[in-house]
Protein chains: 2
Amino acid sequence: MLKPASSTGKRELILNAAAKVFSRHGFHRARMEDVAAEAGVGKGTIYEYFESKDSLFKELVREGLNFYSRAKLAETGKDSLGEKLRRLFLVHLKFSIDYRDLSKVALSDYATGSEDIRRWVSSMRQEKVARLKEMLDQAKERGETGRDLDTGVAAVLIWGALGSLWYQVTWEEPPPDIDGMVDQSVQMVMRGLENG
Amino acid sequence: MLKPASSTGKRELILNAAAKVFSRHGFHRARMEDVAAEAGVGKGTIYEYFESKDSLFKELVREGLNFYSRAKLAETGKDSLGEKLRRLFLVHLKFSIDYRDLSKVALSDYATGSEDIRRWVSSMRQEKVARLKEMLDQAKERGETGRDLDTGVAAVLIWGALGSLWYQVTWEEPPPDIDGMVDQSVQMVMRGLENG
DNA sequence: ATTTTAAAACCGACCAGTCAGTCATTTTTT
DNA sequence: AAAAAATGACTGACTGGTCGGTTTTAAAAT
């Protein structure tokens, strides 16, 4: 049986260490021993808190996702589409700065790991795109976009654009002015969605 | 010493097998033995044609890249930006359909493999984005885009959008109408680039 | 044409390194 | 003192790469 999440701070400790170690070389090259060393615990201890390496990875990513979901869209449905997109972009990029290690893990290990993880990550992407499409559909309904917009394609494009920005911010040099970049980006995206 | 590329069709044979096997489970889970089996050769034979697993992967991706580079932009500098983008998108997506296995490899193993591969792939991305930025800069010069466009950000966004489309086409159900989708996408992108 | 011969191509059993996960033992807590 | 937590040496499974030996090919000799 696994210990409850609150037994000590040890669970958090391990999770943080995992973020650091996974982000260094990716899932495969990260050894459980290294995670243990980074956390300052014995290797065996990790298995008191996590089923397996796979499970540790999943918990790690889920934790991060939860975190920034919480900070995320209070989903005030009355905001304009532009405002919603701005917040979406901002939350993701802020996250990537505040939790750089975790962000690297989430981004770079997409294709890594077991078949199980692969499917899991892929389904998350699908869900994200689907949610984005919903948002666009609503906006379209309200006439905030072009009448003939293909929201499916648009959602894929926007998600990709955000992902690319995210990647850039996470891996390349620290960006100077996130807010400005986001404003600029959203402006571009919004123009793209409008009627020709 | 490695054998010349032309000694038999065996090199091609192995490369094709590698595309298939790598695309199935990603770089790490693909075993050289499986590649050998798929190609119908002994494991040792692979090492007559390729230095190592890493090198096999690189050659594979390079081969694919070469191929579609060739088919690519005859770079007729006088085409409109829209036309250039349309061709860029089309070439990538057509490639992903014709060489689905190879496409999966190129896409999903971005973060995978050795440190060496990781860096190599990352540098390719940088280069692609840089080239895209150049294209945008030229167009901006000619007044085809908004005067105040941040071409750096735009290049990142567009590359991401294309990548996302590429991913969708490669992994999800076979798309119905590539040309239509591309037209739609490029239209959106072009609107986004114009002056507000 | 046939045989000889040597080099080139091919092969897969094996080796050596790796690492996730276990568990008997030790340390800490209650 | 006994229960809980922590540990790290160990094991078992796995796989990239090697290498001595076999087969194929092609050229040379008869």
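A polar contact is taken here as a pair of N or O atoms within 3.5 Å. By this criterion, in the predicted model, the side chain of Tyr47(B) places an N or O atom 3.0 Å from a phosphate oxygen of DNA strand D. Two further side chains approach phosphate oxygens of this strand. A polar side-chain atom of Tyr49(A) lies at 2.9 Å from one, and for Arg31(B) the separation between a side-chain N or O atom and a phosphate oxygen is 3.5 Å.

The surroundings of DNA strand D comprise 16 residues, of which Gly42(A), Thr45(A), Met32(B), Lys43(B) and Lys53(B) come nearest. Of the strand atoms that come within 4 Å of the protein, 67% belong to sugar and phosphate. Classified by residue type, the surface near DNA strand D contains 7 charged, 5 nonpolar and 4 polar residues. Helix α3 (43-49) of chain A and helix α3 (43-49) of chain B each contribute at least two residues to this surface. The largest share, 5 residues, is supplied by α3(A).

The two protein chains also meet each other. In chain A, 40 residues are in contact with 41 residues of chain B. About 3300 Å² of area is buried between chain A and chain B, and carbon and sulfur atoms account for 54% of this area. On the side of chain A, Leu157(A), Met188(A) and Arg191(A) provide 18% of the area buried against chain B, more than any other three residues.

One residue of chain A with partners in chain B is Ser164(A), located in helix α8 (residues 151-171). Apart from neighbours within four places in sequence, the contacts of Ser164(A) are Arg125(B), Val156(B) and Gly160(B). The relative accessible area of Ser164(A) is 3%. Because this value falls under the 20% cut-off, Ser164(A) is classed as buried.

In chain B, helix α5 spans residues 81-98 and contains 18 residues. The distance from the first C-alpha of α5(B) to the last is 26 Å, close to the 26 Å expected at 1.5 Å a residue. The buried residues of α5(B) include the leucines Leu81(B), Leu85(B), Leu88(B), Leu90(B) and Leu93(B). Phe89(B), Phe95(B) and Val91(B) are likewise buried, as are Gly82(B), Lys84(B), His92(B) and Ser96(B).

How values were computed: Residues are numbered from 1 along each chain as its sequence is written. Chains are lettered from A and ligands numbered from 1 in the order in which they are written. This is a predicted model: local features need pLDDT of at least 70, side-chain atom pairs count only at pLDDT 80 or more; totals for chains, interfaces and linings use all residues. Side-chain values use heavy atoms; hydrogens and water are left out. A residue is near a molecule or strand if one of its heavy atoms lies within 4 Å of it. A polar contact is a pair of N or O atoms within 3.5 Å; within protein, one must be able to donate a hydrogen and the other to accept it, and residues adjacent in sequence count only if both atoms are side-chain atoms. Helices (H or I, at least four residues) and strands (E, at least two) are DSSP runs, numbered from the N terminus. Ala, Val, Leu, Ile, Met, Phe, Trp, Tyr, Cys and Pro count as nonpolar, Asp, Glu, Lys and Arg as charged, and the others, Gly among them, as polar. Buried means under 20% relative accessible area, exposed over 50%, partly exposed in between (1.4 Å probe, protein chains only). Contact means heavy atoms within 4.5 Å. The expected span of a helix is 1.5 Å times one less than its number of residues. Buried area is the accessible area (1.4 Å probe) that two parts lose on being put together, summed over both.
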